[in-house]
There are 4 protein chains.
Amino acid sequence: MGTHQNVVEKMAQIPKPNGTMRALVFHGPNQISLERVPIPKPGVGEAVIRITLTTICGTDVHILKGEYKVRPGLVIGHEPVGVIHELGEGVTGYREGERVLVGAITPCGQCSDCLSGRWSQCGGPIGGWKFGNTIHGAQAEYLLVPHAQANLAKIPDELTDEQVILLADIASTGISAAESAELKIGDTAAVFAQGPIGLCATAGARLKGASLIIGVESDPARAAMAKRMGADVVLNFKECDVVAEIRRLTDGRGVDVAIEALGTQETFESALRSLKAGGTLSSLGVYSGKLSVPIEPFAAGLGDHKIVTTLCPGGKERMRRLMAMVLHKRLDLTPLLTHHFKLDQITEAYELFASRLQGVLKVAIRP
Amino acid sequence: MGTHQNVVEKMAQIPKPNGTMRALVFHGPNQISLERVPIPKPGVGEAVIRITLTTICGTDVHILKGEYKVRPGLVIGHEPVGVIHELGEGVTGYREGERVLVGAITPCGQCSDCLSGRWSQCGGPIGGWKFGNTIHGAQAEYLLVPHAQANLAKIPDELTDEQVILLADIASTGISAAESAELKIGDTAAVFAQGPIGLCATAGARLKGASLIIGVESDPARAAMAKRMGADVVLNFKECDVVAEIRRLTDGRGVDVAIEALGTQETFESALRSLKAGGTLSSLGVYSGKLSVPIEPFAAGLGDHKIVTTLCPGGKERMRRLMAMVLHKRLDLTPLLTHHFKLDQITEAYELFASRLQGVLKVAIRP
Amino acid sequence: MGTHQNVVEKMAQIPKPNGTMRALVFHGPNQISLERVPIPKPGVGEAVIRITLTTICGTDVHILKGEYKVRPGLVIGHEPVGVIHELGEGVTGYREGERVLVGAITPCGQCSDCLSGRWSQCGGPIGGWKFGNTIHGAQAEYLLVPHAQANLAKIPDELTDEQVILLADIASTGISAAESAELKIGDTAAVFAQGPIGLCATAGARLKGASLIIGVESDPARAAMAKRMGADVVLNFKECDVVAEIRRLTDGRGVDVAIEALGTQETFESALRSLKAGGTLSSLGVYSGKLSVPIEPFAAGLGDHKIVTTLCPGGKERMRRLMAMVLHKRLDLTPLLTHHFKLDQITEAYELFASRLQGVLKVAIRP
Amino acid sequence: MGTHQNVVEKMAQIPKPNGTMRALVFHGPNQISLERVPIPKPGVGEAVIRITLTTICGTDVHILKGEYKVRPGLVIGHEPVGVIHELGEGVTGYREGERVLVGAITPCGQCSDCLSGRWSQCGGPIGGWKFGNTIHGAQAEYLLVPHAQANLAKIPDELTDEQVILLADIASTGISAAESAELKIGDTAAVFAQGPIGLCATAGARLKGASLIIGVESDPARAAMAKRMGADVVLNFKECDVVAEIRRLTDGRGVDVAIEALGTQETFESALRSLKAGGTLSSLGVYSGKLSVPIEPFAAGLGDHKIVTTLCPGGKERMRRLMAMVLHKRLDLTPLLTHHFKLDQITEAYELFASRLQGVLKVAIRP
């Protein structure tokens, strides 16, 4: 992270010209810079929001490192809270000035995939993920929201930006692990890795009615947070044989649901080895390189195992529902917002976030 | 309740003859008596347990009043915690002296219905409910458990009898309301009536991830307990228009899931009127007389509504899973055990329980 | 039907003025007339199609009789096949001249209901049904399609208008009965009433893997068509005790799925009486007056029964999938198109259709 | 197969001693022999049936070759049709002489796994598969059936042994692919490999309502049979790029459900590459060695893909339901019984079956 010398860090001092905004632009691996770019104008069915809070995702770090490819010139980031700045033609039921949360995934609602309930795969594989991937993203002062009618979720007055910002991606993703696994009341669950997504997966397993929840994590701060989010036990994979310990804690059965929240061969494999026959491996990780399925814990294909993957559910209804969970005190993710930065300091924020030092979990960025 | 003069109340003082036990026998409407009857002997696949704790169910009161018909001479009650006294041939993996919980519903596991996953309807309609219905029940010192292999659930050492007794029926039934409704994280729920079953339904909606939970109840003690079990709001139907209030609390939408936990036309109808289109009415009540579906809130059959009914899920695996929920502190129903009696005092217990006085919710009966 | 004297039947001879079209306008109970009205212009997100084939639904007859209320002045009908005439702003991926099928239900895809998968209840109860209900309908030369992006389904070249017209409503509705019931391979099903919807429900039960399918119908022509659509047996309720016979045919079990396709107390009740415990009553009928649930076959609420209702699934993806079923020869509904009329003859068509004479099932109307 | 010199082939001529039967015994890799062994006696809850028809499974060939390990001395085979010879204590509702089908998988119905609906994983991983795996199997004159109450499925008089024998394993397994995938009406499906299991998977996809079904197979006889079982198209992987062709046939979308019915890396990978985002890979194959998941078609874990595996569903209810499908002419697998042998000729039958010559699909073995 220390090598992106192109970052223009003094931008805030420059007087703001008409119709431009500051935005974090990706120019190539390890090259991001906070720049002035035009404020977008909404087309038919679109909206522009003024960002009031955003954050950095692990995926953004992958993008920065060149591990996930996006086009140079793209504004990155996909977790926006803001205020409606301008509404395009055809968007109804909203007015300028309303506070809104927009999910990281912005489905159109009207293509074959959306009309099949595969909103995240809107228009094709991973097609729902547009912000900071195929269109300009949220680490900016303004953001154009496509398919605004389907994606602007009004924020209840009772909730602060900080209370809802993490719903845009990590909460929606994390909670979906237990949902996609169809975790039932009384199921046992193990959650591999307690980074931001894994912590939300832990919270999600709790919300969905798991009995015993076992976290797997070596970092003590994250282990402690895992307990706060609902884990009964946190196993340190550096200090014990996690699979054996999970078997022991489940009377030899294995867990009903194993959640993979990191994206490595090791965690995937351990998750599978921890499962009971008939259990479900719910995978949230982004894998690179190779992924192999060990044959023995897979019962050679005869174990009635399920492996399910989920891309962050989006759309305004998902956001509304998650905000209702916060509103009714079922979920509080503010402890995960460990650090706060101004947009001007976003490159510092990236450095800290990528370092995983100082107990950082998620960083709040205020334009 | 005061009229069953036949009750032999002094039985405890009589020296216990060989091979007999005290049991509450139903002789006809308003005629129950604590009598000496033979201790049962287990046949093939059966077990006999010595009861250490039991309780009285609303259904037992229906039986006593003659509203639900069972044969005279039957020992009633269907909520047993006990110790294995004798095992019949073919029952393996158990030994005498082990503490067990047995569900109110005792499926065989081996008929077409059970093998279709309809365990409660084992062998035909309501066939899973045997104790105190088609075979002798649990308000006795000993209990013959049919299909013991499928129904003896070992109690973890960490848990007391009091912590698990309510799982046999009311918790399994109550929690099933949200399960059968397939309540999703973020759904809103209303629970009509906060008696023992309704209170567990409230707990179940919470466990399954409801956002806003609205209880409906006029009794202040039950309303208070509803909040303890997870309700955010409790509406007193004597003081407000419940349906209108539920609409207001849900921004005019209506709830996703309405749970009926009483068994009357009024609650059924209010539940339906509270639902959003596409919502689910999950019914636990036992209805008598007539039940009619109001056409307008049913959208004349075009509202994508679902009405689902559930008979208490049973079997040892259900009990194991519910005990795991208690063990891991997801569920604590001991506050519902408001009163304690000895088996000798069971007719007093019936009187109190049926009266709904003194804040009674459930009574613990110790042989 | 003979009393609506206002119908202008000679319209076809009148030279077509610029920008007007013929359309069947509802003016009040038993008052419909084919009139000249302006050809609609599409707004943002809308399209106008030129109708090439439409039909009359039982619901239209209810509207005509005043049994289902719509506003006077409305063009009725909701089953359109046509050619894209004009596209509004923001509709992409289509061009004028393309042949399209549009479902009777036209969800927006972007409201909370649609984003929850409750497309038929778009924006609120029955909100997805717009054509001939809340906006002008399809018994006309041109039709404005709302939310066109979500609702224009291109017709494969291999298929004729006649092969797809019945997918818009009755096939989508009828097939949904088995889908909503989650009918499983090997389930038995009974379908009460073999009108157009019931015949499609029979076809749907077959498509979804039912083993024994029992139709209930007294009309011989409809009974014969039921067998063609997949019924193994058709029971004439005038000649036998249908419930007893269904029990006999299912070895006393009752059916797994009972489909109600008429909307009367009698058929609803018989459907419930035919069900096994744990079975599902899937209701398609439109009820009026009172609907009551008989307590005994409902097992007083303890039978694990489900009652599910479904409003015709719509949207372009549903239409695409149903057209794929026709294309691959899984479904052929052309035998149901028993009579053909020109738009000028639509009042005759209504009379015939409402009379149920001459073996009429569905009438094709060609503008 | 030619090397198992130990096979005693002249056994049929030896006079049958009291209480013994002929049975095919596995002694080690490539060592099977038809021997005289004692006729089993049923214990509590068990039954003994006299086999009237059995067959050989691909898994038996794996066992013979030593690729799947079982203990020497075991009678192999797991597909039995027979007549009840003797009933153990506690088995009710049956009488000697009744014709029964028993599934390859014989769940107890009473353990935690069975009571969770994981009947195939009865008592632990693959625990439901007992015949010819952990207890003596069906390639014999008599067979002890464990948990007889849950596993003896009476055969309707209208059906012959030949009509039902293939339901015991390959039909139940094959059809489960579409069931486990939750294939919906209108889904497209591809079935990789059209051996006996794949052919049944093709039939299952058809039964469950697939629109386009694409078989993948190079053997012309199997390809022809695939069409008979319901495939619309059969692709020869030796002559075309199967994945590209599947994409082309599905308008670039990929299939909703890809069924793997062979158990190789190649077919698994092609199945995944053929899937649309949000699609389900339903795996029936038995894998050995390594199995790897290609990252790109897996969308790096972000494609909402599901991978589900299924072990043959068993138990008497499954068998009853499949027999109902045959009875009502939804399914006819008799064309797959290409060759007939006597039990004396079983080693010849093994040789032919393993060779895949002479168009062999399944061999009927009559004791």
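**Domains, chain contact and a packed helix in the predicted model**

Chain A is divided into domain 1 (11-169 + 312-366) and domain 2 (174-309), with bounds that come from an automatic or database domain assignment. The model is predicted: local features need pLDDT of at least 70, side-chain atom pairs count only at pLDDT 80 or more, and totals for chains, interfaces and linings use all residues. Residues are numbered from 1 along each chain as its sequence is written, while chains are lettered from A and ligands numbered from 1 in the order in which they are written.

The C-alpha centres of the two domains of chain A lie 28 Å apart. Their contact takes 12 residues from domain 1 of chain A and 11 residues from domain 2 of chain A, two residues being in contact if their C-beta atoms, placed from the backbone, lie within 7 Å. On the domain 1 side there are 6 nonpolar, 3 polar and 3 charged residues. Here Ala, Val, Leu, Ile, Met, Phe, Trp, Tyr, Cys and Pro count as nonpolar, Asp, Glu, Lys and Arg as charged, and the others, Gly among them, as polar.

Chain D is superposed on chain A by a rotation of 180° with 0.0 Å of shift along its axis (RMSD 0.0 Å); the fit is by least squares on the C-alpha atoms of residues with pLDDT of at least 70 in both copies. The two copies are thus related as by a two-fold rotation axis. Of the residues of chain D, Ser292(D) comes closest to this axis, at 2.0 Å (C-alpha).

The contact between these chains takes 34 residues from each of chain D and chain A. Elements giving two or more residues to the chain D side are β13 (275-283), β14 (291-293) and β15 (306-309) of chain D, where strands are DSSP runs of E of at least two residues and helices runs of H or I of at least four, numbered from the N terminus. β15(D) gives the most, with 4 residues. Strand β15 (residues 306-309) of chain A pairs with β15(D) in the antiparallel sense over 3 bridges, pairing requiring at least two DSSP bridges. Within this pair, Val308(A) has Lys306(D) as its bridge partner.

In helix α10 (residues 346-355) of chain D, Ile346(D), Thr347(D), Ala349(D), Tyr350(D) and Phe353(D) are buried, that is, 20 or more other C-beta atoms, placed from the backbone, lie within 10 Å of their own. Seen down the axis of α10(D), the buried residues fall within an arc of 155°, so they line one face of the helix; the arc is that of the directions from the helix axis to the C-beta atoms. The buried residues of α10(D) pack against β1 (20-28), β2 (31-38), α1 (58-64), β16 (337-342) and β17 (362-366) of chain D.

Technical notes
Buried ≥ 20, exposed ≤ 12 C-beta atoms within 10 Å, placed from the backbone.
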